[in-house]
Amino acid sequence: MPTSSEYDPDSLPDLLPLYYRRLFPFSQYYRWLYYGGVQKNYFQNREFSFTLKDDIYVRYQSFSSQAELEKEIQKMNPYKIDIGAVYSHKPNQHNTVKSGTFHALEKELVFDIDMTDYDDVRTCCSAADICSKCWTLMTIAIRILDRALRDDFGFQHLLWVYSGRRGVHCWVCDEAARKLSVAARSAVAEYLTLVKGGEETVKKVVLTDPIHPFIRKSLDVVEKYFTDYAHEQAILGHNKSVDKVLALVPEEVRQVLQKDFQSEKTPEKRWDLIKAKASMKKGDDKKQQYFQEEIMLQYCYPRLDVNVSKGVNHLLKSPFSVHPKTGRISVPIDLKELDKFDPFAVPTISLICEELDQPRTGEKESEDKKEKENENNATERRKIRDYKRTSLAKYVKYFDQFLDGIACTWKGELLKKSDLQKQF
């Protein structure tokens, strides 16, 4: 069986049955989407979609329980799982309900950030390729959006997930977020959108005076990473890259910098020249005084797929789904370890299945005794033990911690409601 670095896409049909039977964290998964059962039929009316072998796409799947979900996934062994909205009726019955009555009610507020949207500002990779140099952009995006969603909007339960290849997803799971209308989701997405314009647009960030507090706080994040990122990308090292940067500064400043750059060749000194010219412009023309900040934001600010966030019925790839091309598991990201997160160190399905075959240590005998003591719980105990024996364990543990936070919130809400009822 191939190791992590030797994942073979052709092996996926053989690996998926093992993954779904012994490693996929169904109990945590159900616990997440059940949301404590506070709302009736919340899980039952949730849409799932499966992408099967040969790109066969199956929508409007829904399940009455964890056991039913588990059974169907193990039967179909999907190459990809997507999660959709909670509907007015069970999605698998959408063809049987009265026309016009089947509609999406709720869904987590979600964000999709894809590295391909940064192709105009990264020189190391393009298209689906990523490396440690450009992954910094994902780190910056998470830092900026997480702070804004928590501080500016008051959301608490944000699940950040690596897509398995070239991007990240965010699931905002607060009840208030799940109930947002399309208009409200659009407003949040627009608030967070700063880089605007297509390929033909040269200057995609335009700041006005005074700079909005949200943008100022975002700049604080960018500044921590920009110098190293700009150096690694050599954005002031090659003529073509230099021209792209100079196109973002006022014309009279550009002419001066072009002359100065003839004698100053190092990227670091060139950036110092830009900063010096920017500081001289402060307080002059209000439309041109922030060109240094505009450069930094255009190169490093998050690029959002706004349509994913706006729609209630939009599907998004599920956590713990497998990416068929890379074999990597779509794992939750622990923000306490964000700067250390390495997408290339994320376990592949081939690795964790291989780890299952590795001999166990002294735990085996004690666990086997426990299984014999209670045969009814043996299967569940084996599942728990199985993922804990693999590289997937730390990601499931973090997912558990995230779910504990959600549970504390909804239990607190139930207690408040109970106390209010007692008062009356």
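A residue counts as buried when its relative accessible area is under 20%, as exposed when that area is over 50%, and as partly exposed in between. By this rule glutamate 223, with a relative accessible area of 41%, is partly exposed. The model described here is a predicted one, and the points below take up its pockets, one largely enclosed helix, its cysteines, its backbone geometry and a few pairs of residues.

**The largest pocket**

- The largest pocket holds about 670 Å³ of space, and its lining is made up of 27 residues, among which Lys80, Lys317, His323, Pro324 and Lys325 lie nearest the centre.
- Two or more lining residues come from each of the elements α1 (12–22), β1 (46–52), β3 (80–87), β5 (109–114), β7 (167–172) and β8 (316–317).
- When the lining of this largest pocket is sorted by class, 12 residues are charged, nine are nonpolar and six are polar.

**The second largest pocket**

- The second largest pocket has a volume of about 470 Å³, and it is lined by 23 residues, with Asp120, Gly197, Thr201, Lys204 and Arg303 lying nearest its centre.
- The lining of the second largest pocket contains 10 nonpolar, eight charged and five polar residues.
- Because domain 1 (9–191 + 304–421) and domain 2 (198–300) both give residues to the lining, the second largest pocket lies between these two domains.

**Helix α13 and arginine 389**

- Helix α13 (residues 349–356) has eight residues, of which seven are buried, so this helix is largely enclosed by the rest of the structure.
- The buried residues of α13 are Ile349, Ser350, Leu351, Ile352, Cys353, Glu355 and Leu356.
- Leucine 356 also takes part in a contact with arginine 389, since a polar atom of the arginine 389 side chain lies 2.6 Å from the backbone oxygen of leucine 356.
- Arginine 389 itself is placed in the loop between α15 (378–388) and α16 (393–423), and with a relative accessible area of 17% it is buried, because that value is under the 20% cut-off.

**Cysteines**

- The structure holds zero disulfides, and for cysteine 173 the nearest cysteine sulfur, that of cysteine 170, is 8.0 Å away.
- A disulfide would require two cysteine sulfur atoms within 2.5 Å, so cysteine 173, at 8.0 Å from the nearest cysteine sulfur, is in no disulfide.
- Cysteine 173 is buried, with a relative accessible area of 2%, whereas cysteine 408 is exposed, with a relative accessible area of 58%.

**Backbone geometry**

- Most residues other than glycine have a negative phi, and most peptide bonds are trans.
- Aspartate 54 has a phi near 65°, which is a positive value in a residue other than glycine; aspartate 54 lies in the loop between β1 and β2 (56–61), and at 68% relative accessibility it counts as exposed.
- Alanine 234 likewise has a positive phi, near 55°, in a residue other than glycine; alanine 234 is found in the loop between α7 and α8 (239–246), but at 16% relative accessibility it counts as buried.
- Aspartate 209 and proline 210 are joined by a cis peptide bond, with omega about 0°, and proline 210 is in the loop between α6 (182–192) and α7.

**Pairs of residues apart in the sequence**

- Glutamate 223, the partly exposed residue of the opening sentences, is in helix α7 (residues 213–233), and its C-alpha atom is separated by 9.9 Å from that of isoleucine 140, although the two residues are 83 residues apart along the chain.
- Isoleucine 113 lies in strand β5 and is buried, with a relative accessible area of 0%; its C-alpha atom is 9.2 Å from that of isoleucine 142, and the two are 29 residues apart in sequence.
- Phenylalanine 102 is in the loop between β3 and β4 (104–106) and, at 19% relative accessibility, counts as buried; phenylalanine 102 and proline 91 are 11 residues apart in sequence, with 8.3 Å between their C-alpha atoms.

Methods:
Residues are numbered from 1 along each chain as its sequence is written. This is a predicted model: local features need pLDDT of at least 70, side-chain atom pairs count only at pLDDT 80 or more; totals for chains, interfaces and linings use all residues. Side-chain values use heavy atoms; hydrogens and water are left out. On a 1 Å grid over the protein atoms alone, a cavity is a set of points where a 1.4 Å probe fits but cannot get out, and a pocket is an open set with protein on both sides within 12 Å along at least five of seven lines; lining residues have an atom within 4 Å of a point. Grid points are joined across faces, edges and corners, and a volume is the space filled by probe spheres set on the points. Helices (H or I, at least four residues) and strands (E, at least two) are DSSP runs, numbered from the N terminus. Ala, Val, Leu, Ile, Met, Phe, Trp, Tyr, Cys and Pro count as nonpolar, Asp, Glu, Lys and Arg as charged, and the others, Gly among them, as polar. Domain bounds come from an automatic or database domain assignment. Buried means under 20% relative accessible area, exposed over 50%, partly exposed in between (1.4 Å probe, protein chains only). A polar contact is a pair of N or O atoms within 3.5 Å; within protein, one must be able to donate a hydrogen and the other to accept it, and residues adjacent in sequence count only if both atoms are side-chain atoms.
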